[in-house]
Amino acid sequence: MTEGTTTAAAESGDTLTRLEQEGEIAADYLEGLLDIADLDGDIDMDVEADRAAVSIVSDSVRDLQKLVGRDGEVLEALQELTRLAVHRETGDRSRLMLDIAGFRAKKREELAALGAQAAADVKASGEPLKLAPMTPFERKVVHDAVAAAGLKSESEGEEPQRFVVVLPA
């Protein structure tokens, strides 16, 4: 191995260790929250796309819906609080993703389909297409789907009214 390869491998290992540590801190924080709220749930941890990913799952999805809220509003707030808890412990900004009762995974599937359909529509019409305002997570999923379809997209507007524009080739 060359020195550059050794350094890259060490940095990759350090990144994985850091992300696993973020997941552990987040899991501890969320377990405390579940105890306070007297809700049953298991915590799953993973690393996806250079981010710690933490999910709360339960056989009783109905109870966890309280933590998702309307259109995922409570989930977004809990994700920010969890990121702050990680930041407090590590001193580093976290990009951790939180999913509760599969809400975000289902949303990701729907948004990927929306992005693919928007790309198909733009290919057919040759005209740019503006989508409805979305959260940063939602926009990212749509941008990825549009890119996978071979087109470009960009975000426009100001939060919370920021939206994706799909551009013709």
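A contact here means heavy atoms within 4.5 Å. With that cut-off, residues 24 or more positions apart account for 56% of the contacts in the protein chain with a separation of 6 or more. The model is a predicted one, so please keep that in mind throughout.

First, the overall layout. The chain has 169 residues, and 31% of them are buried. There are five helices and six strands, and in sequence order they run α-β-β-α-α-β-α-β-α-β-β. Taken along the principal axes, the C-alpha atoms fill a box of roughly 55 × 50 × 30 Å.

Next, the interior. The largest nonpolar core has 19 residues. Leu34, Ile43, Val54, Ile56, Leu67, Leu98 and Ile100 have the most contacts inside it. Two or more residues come from each of these elements: helix H1, residues 3–37; strand S2, 51–57; helix H2; helix H3, 73–90; and strand S3, 97–100. H1 gives the most, with five residues. There is also a second, separate core of 14 residues, and Ala118, Val122, Phe137 and Val164 are among them. As general background, nonpolar side chains in soluble globular proteins tend to be buried together.

Let me take H2 as the worked example. Which residues of H2, 61–68, are buried? They are Leu64, Leu67 and Val68. These three cover an arc of only 100° around the axis, and therefore sit on the same side of the helix. On the other side of H2, Arg62 and Lys66 are exposed. Leu67, already named among the core residues with the most contacts, touches Leu33, Leu34, Leu39, Val74, Leu75, Leu78 and Ile100, leaving aside residues up to four places away in sequence. After H2 comes Gly69, with a positive phi near 75°.

Now the pockets. The largest has a volume of about 420 Å³. Its lining consists of 18 residues, and Arg51, Met97, Arg108, Phe137 and Lys140 lie nearest the centre. Which elements supply at least two residues each to that lining? S2, H3, helix H4, residues 103–125, and helix H5, residues 136–148, do. H5 provides the largest share, five residues. By type, the lining divides into seven nonpolar, one polar and 10 charged residues.

The second largest pocket has a volume of about 200 Å³. H3, H4 and H5 each supply at least two of its lining residues. From the stretch 71 to 76, the lining includes Asp71, Gly72, Glu73, Leu75 and Glu76. Phe103, Arg104 and Lys107 line it as well, together with Thr135, Phe137 and Glu138. That lining splits into three nonpolar, two polar and six charged residues. Phe137 is worth marking on the structure: it is in the second core, lies among the residues nearest the centre of the largest pocket, and also lines the second largest one.

Last item, the end of the chain. Pro168 is in the segment after strand S6, residues 163–167. Is Pro168 buried, exposed or partly exposed? Its relative accessibility is 31%, so Pro168 counts as partly exposed, since that category runs between the 20% and 50% limits. Leaving out residues up to four places away in sequence, Pro168 touches Val122, Gly126, Glu127, Pro128 and Leu151. Val122 is 46 residues from Pro168 in sequence, yet the two C-alpha atoms are 5.8 Å apart in space. Val122 is also one of the residues of the second core.

How values were computed: Residues numbered from 1 in each chain as written. Predicted model: local features only at pLDDT ≥ 70, side-chain atom pairs only at ≥ 80, totals over all residues. Heavy atoms only, no water. Buried < 20%, exposed > 50% of the residue type's maximum accessible area, 1.4 Å probe, protein only. Helix = DSSP H or I, 4+ residues; strand = E, 2+ residues; numbered from the N terminus. Arc of directions from axis to C-beta. Core = buried A, V, L, I, M, F, W, Y, C linked by side-chain atoms within 4.5 Å. 1 Å grid on protein atoms, 1.4 Å probe; cavity = no way out; pocket = protein on both sides within 12 Å on 5 of 7 lines; lining within 4 Å. Points joined across faces, edges and corners; volume = space filled by probe spheres on them. Nonpolar A, V, L, I, M, F, W, Y, C, P; charged D, E, K, R; others polar.
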